Amino acid sequence: MLRRLRVSLRQLGNQMARRPDLLCGAIVLGCLFVVTIKFTCSSRAKNVVAPARPPRRFFSPDPPVVDLFLGQLDQVDRLRSAAEISLIFFYAPWCAHSIAAREEVQQVARKLYKEVLFIAVNCWWNQGKCRKNQSFYQYPVIHLFYRRFGPIEYKGPFMAAYMEKFIRRVITPLTYLPSRAMLQDFLSYHEPGVVGYFEFNASPQPPGYIVFLTSALQALKRDFQGVVRFAVVTSKPVAEAIAVQEDGTVYMHRHFNTSLIFPRAERNFTSENICGWAYENRESVLQWLRPHGAKSRLLEQELSKGPALLAFLPFDPLAPHQPLVRQIAEVALQYHACNHSDGAEQDGMGQLQGTQNSVAPCCNTVVLPHWNAMARMHNVCELCLKESAGVWPSAIRTAHCPFHHMGAALESFHLMRRTFAHLMMHGAACSNVVASYSPFSRYSACCKTLGLPPPPPPRTRDSGVPSDGEPSLLGLMGLRCRTNKTLRFYLLDSHLHWKLAERLGAPRADGRRLFLTIVNLPEETHYISDLNSTLSDTLDHFIQNFSVPYSPLTRHLVGSPVPKSPSSLIREVTTASFLSTVMDPQKDVLLFYYTHWCGFCTVLNHVLIQLAQLFRGNEKFTVARVNVAQNDLPWEFMVDHFPVFLLFPRDRKHLSVKFPDDLPITLPNLVRFLLRHAGDVPRRGGWAGSDRGGLLEVELRRLREEVEALRRAREQLSQQLSQLWQEKRRLALHARDLESRNAELRERGRHLEELYREKNRQLLDAAGKLQALADASQNLITENALLKVLMASMREEVVLEPRGDDGAP
C-alpha cells in the first residue's frame with residue numbers, strides 16, 4: 001500500500017514539474033475554495049444564532065438594593081469601599097433559587113438598610129465583568145464584607161430570619177460583657193466561648209483588639225453557623241472572675257476539660273492562629289445539621305460516626321431565648337460531664353465498697369471465660385472498679401478505667417467453678433485488687449452476672465420513660481463515659497426538615513413539630529420517643545433506656561401503607577401486616593422477598609402468579625410478597641440477597657425453610673418444595689402419614705384436573721385455529737378474486753374514459769363545424785337579401801327605361 005502511494009506521489013510530482021502552470025492554478029483554486037467556505041459558514045452562523053436579549057432589573061426599585069443587572073463588577077468595589085458593612089448578592093436571572101431568595105433579601109434589606117449596603121450583581125450576563133471574572137458553581141451566592149475584611153460567604157438557608165441572624169453576627173462579631181452576670185451567662189451556654197480581655201483606658205484601640213476582632217470574623221468565615229462565640233471584657237473585676245489579669249489575654253472556656261489561655265509564647269498573635277487554636281480545642285456538645293435537600297452526603301458523614309440523637313424542634317433564629325435548645329443543651333452537658341459523675345449513686349448491683357476518698361466506679365461488660373456448662377444468661381459479667389486508696393495521678397478525675405486495671409481485676413477473681421456458683425447464688429462477688437503501677441493504691445472490684453431482663457409490657461410506641469422496676473443505673477450524669485454506645489447530639493429545624501422527620505417516624509399531624517429519634521446507622525436501627533412529659537425528662541429517660549446493656553427500646557420499623565384490597569391473588573405484605581399475615585398459625589405462607597430495583601425479581605412474577613393460581617382453592621396456603629426496599633422487617637426475618645423464597649409452615653413458624661439457591665426457580669421446583677416442607681410437624685412415630693397422603697392426593701388431583709383442562713383447552717384452541725386458518729384462506733381467495741375484478745373494472749373505466757375523451761373531442765369538432773356552417777349560412781342569407789334588394793331595384797330601373805323611351809319625341 002505504501003509502495004503504491006509513493007509511486008502515485010512520484011508520478012504526480014513529475015507531472016506538476018512538467019506543467020508548473022497547472023500547479024499554480026490548483027493552489028489558487030484551493031485557496032479560493034477555503035475562503036468561500038469560511039465566509040459562507042460565518043454568514044450562516046450569524047443568521048442562525050440570535051443575539052442575547054439585554055438584561056433587565058432583577059430587583060424592584062422600591063427596596064434599598066443596588067441592582068447591577070449588567071454585571072458591573074468594577075462598581076461593586078467602589079460602592080463597598082464607602083460602606084461599613086456590605087452584602088453582595090450574586091444571582092442568575094433564570095435560577096429558581098435566585099428568584100426564591102430575592103424576596104427574602106428584599107425583606108432583610110428593608111430592615112437593615114441603615115446598617116448594611118445591599119448590592120445585587122447579575123453574574124450571568126455574558127458581556128458583564130462578573131461573568132468574565134467570577135466562576136460560581138451554583139447560584140445564588142451571598143458575600144459579606146466587614147470593612148475591608150471578606151468575603152464571608154453565607155452557606156445557610158436562604159430565609160429572611162437566618163440571613164438576618166448571620167448579618168447581625170457579622171455586624172457585631174464580639175459580644176460585650178460589662179458584668180459578671182453576663183459573663184456567667186455567656187460561659188454557661190453549651191457552645192464554646194472565647195473571651196478576650198482588653199483595657200480601653202490607655203488608647204481607643206488597645207494593642208491586639210483589632211486582631212481579636214478579626215479572629216471572630218475568621219470564625220464566621222470558617223463556619224457560617226458561628227458555633228464558637230467570641231466576647232470581649234473591658235473591666236478588670238469581670239476578668240478576674242475567670243482568673244485573667246493580663247491585658248490582651250484570650251481565654252477559652254471549656255465545660256469538661258481545663259479551660260485554656262492562648263499561648264502567645266508558642267504561637268504568633270494573629271487572627272488565623274487564634275481562630276485555628278479555638279477550633280482545635282473546642283468541645284462539641286450539640287451540632288446543627290442543615291441538609292440542603294439535594295443530593296448530599298452530609299447526613300451519611302455524620303451518622304456513620306456512630307449512634308446519633310436527632311432532635312427536630314421549631315427554631316426561630318431571631319428569638320432572644322431558645323428554651324427548647326437550652327433544655328437539650330443541659331441534657332447533653334450532663335451526658336458528657338464525665339468528671340462530674342463521682343457522686344454517691346448506686347449502680348444497680350449495690351453500693352460498691354470503698355473509703356471516703358473514693359471516686360465513682362467505672363464499669364465494663366466482660367465475657368466470663370471457661371463458661372461452657374452453665375446457663376447462657378450467666379455468661380456476661382458487669383465488672384466495676386472503684387479506687388479505695390491512693391490518689392489519682394492528675395487533678396482531673398475520670399470514670400475511665402485503664403485496661404491493665406481491668407485485667408488485674410479479672411485475674412484476682414480466679415474465675416473458676418466455685419466463683420461461678422457463688423455468682424449464681426448471690427448474684428455478685430467482690431475482691432480487692434492492687435494497682436499494677438502503684439502498690440499504694442488498691443481497687444475494689446465487684447462482678448455481677450447479667451441476666452436477661454423480663455420482657456417489657458406491650459405498647460404501641462416507645463415512650464422513652466422507663467418502668468418502675470427498671471434500674472436507673474448512675475443516672476444521666478457522665479453516661480457518655482460509662483457506656484459503649486456513645487451518642488452524638490444533633491439539632492434540626494423542624495420548619496425546614498420536617499419531611500425527613502416524617503420519614504423517620506414522626507406523626508404527620510403534629511402541630512408542635514417536636515420529634516426525638518436515635519439513629520444507629522452502623523446497626524441500621526433507629527428508635528423514636530413520644531413526648532408524654534417534659535422535654536428534659538423524656539430525653540433523659542430515652543437516653544438511659546438506649547444506653548443500658550439490654551435496652552428495653554423497640555426498634556422502629558418504617559413501612560409503606562397497607563394496601564386497600566388485601567383479598568388479592570398474591571398478598572402484599574407490609575411492615576404493619578407482616579406478623580398478622582406471615583405468623584398465622586393456621587396457614588402455610590410462602591413469602592417472596594423482592595425490591596423494585598431487582599430485575600431478577602421482575603422476571604419471576606409470572607412464576608409467582610402461576611403458583612398462586614395453582615393453590616387458589618387451598619385455604620391453608622397463602623402466597624405473599626414483601627418489598628424490602630420500602631418495608632423494614634425484624635432482623636430475624638431479613639435476607640441478604642434478592643430474590644428469595646421463604647416458607648413459614650403452620651404450627652412451626654420458628655422453623656422457616658428457605659428455597660435452595662442452587663435450584664432454578666420454576667413452578668415444578670416450587671411445588672415440590674412446598675409439598676415437601678408444608679403441613680404438620682412430625683409426630684413421635686414419624687410423619688403424619690394420613691395428613692401428608694391426603695395433602696398429596698388433593699394436590700395431585702388438582703394437578704390432574706388442571707392438566708385435563710389444559711388438554712381440552714388445547715384441543716379447542718387447535719380446532720379454532722384450524723377454522724380460522726380455513727377462513728383466512730377463503731378470505732384470501734375472495735380477496736384475490738375481488739382484486740382481479742377490481743383490475744378489470746379499472747381497465748374498463750380507463751377505456752371508457754378514453755372513449756369519453758374521444759367522443760368529447762369529436763363533439764367539440766362537430767360543434768365547431770356547425771358553428772362555422774351557421775356563420776356561413778348567415779352570411780349567405782345576408783348576401784341573398786342584398787341580392788334580392790338589388791334585383792328589385794334593377795327590375796324597377798328596367799321597367800322605367802322602356803317607359804321613357806316611349807314618351808320621347
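**Exercise 1. Where is Arg513 found, relative to helix H15 and strand S18?**

Solution. Arg513 sits in the loop that runs between helix H15 (494-503) and strand S18 (515-520), where helices (H or I, at least four residues) and strands (E, at least two) are DSSP runs numbered from the N terminus. The model is predicted, so that local features need pLDDT of at least 70 and side-chain atom pairs count only at pLDDT 80 or more, while totals for chains, interfaces and linings use all residues. Residues are numbered from 1 along each chain as its sequence is written, and side-chain values use heavy atoms, with hydrogens and water left out.

The next step is accessibility: Arg513 has a relative accessible area of 28% and is therefore partly exposed, given that buried means under 20%, exposed over 50% and partly exposed in between (1.4 Å probe, protein chains only). Setting aside neighbours within four places in sequence, Arg513 is in contact with Phe312, Leu313, Pro314, Ser494, His495 and Trp498, a contact being heavy atoms within 4.5 Å. Finally, Arg513 and Asp493 are 20 residues apart in sequence, and their C-alpha atoms are 9.2 Å apart in space.

**Exercise 2. Describe the setting of His143.**

Solution. Begin with the element: His143 belongs to strand S4 (residues 141-146). With a relative accessible area of 13%, His143 is buried. Its contacts, leaving aside neighbours within four places in sequence, are Ser86, Leu87, Ile88, Phe90, Phe136, Pro151, Ile152 and Glu153. Two of these names, Phe90 and Phe136, recur in one aromatic cluster together with Trp94, Trp124 and Tyr139.

**Exercise 3. Which residues of helix H3 (residues 73-81) are buried, and what covers them?**

Solution. The buried residues of H3 are Leu73, Val76 and Arg80. Viewed down the axis of H3, these residues fall within an arc of 35°, so they line one face of the helix; the arc is that of the directions from the helix axis to the C-beta atoms. Arg78 and Ser81, on the other side of H3, are exposed. The cover over the buried residues of H3 includes strand S1 (65-68), strand S2 (85-91), strand S3 (116-122), helix H5 (129-133) and S4, the last being the strand that holds His143.

**Exercise 4. Characterise the aromatic pair of Phe645 and Phe659.**

Solution. A pair of aromatic rings is described by the distance of the centres and the angle of the planes. Rings of Phe, Tyr and Trp (its six-membered ring) pair if their centres lie within 6.5 Å, and planes under 30 degrees apart count as stacked, over 60 as edge-to-face and the rest as tilted. By this rule there are 31 aromatic pairs. Phe645 and Phe659 form one that is edge-to-face, at 6.4 Å centre to centre with 70° between the planes. This pair links distant parts of the chain, 14 residues apart, with Phe645 in strand S23 (residues 644-648) and Phe659 in the loop between strand S24 (657-658) and helix H20 (667-677). Both rings belong to buried residues, Phe645 at 2% relative accessibility and Phe659 at 4%.

**Exercise 5. Summarise the protein as a whole.**

Solution. Counting elements gives 21 helices and 24 strands. Of the 809 residues in the protein, buried residues make up 38%. Among contacts between residues at least 6 apart in sequence, 72% join residues at least 24 apart.
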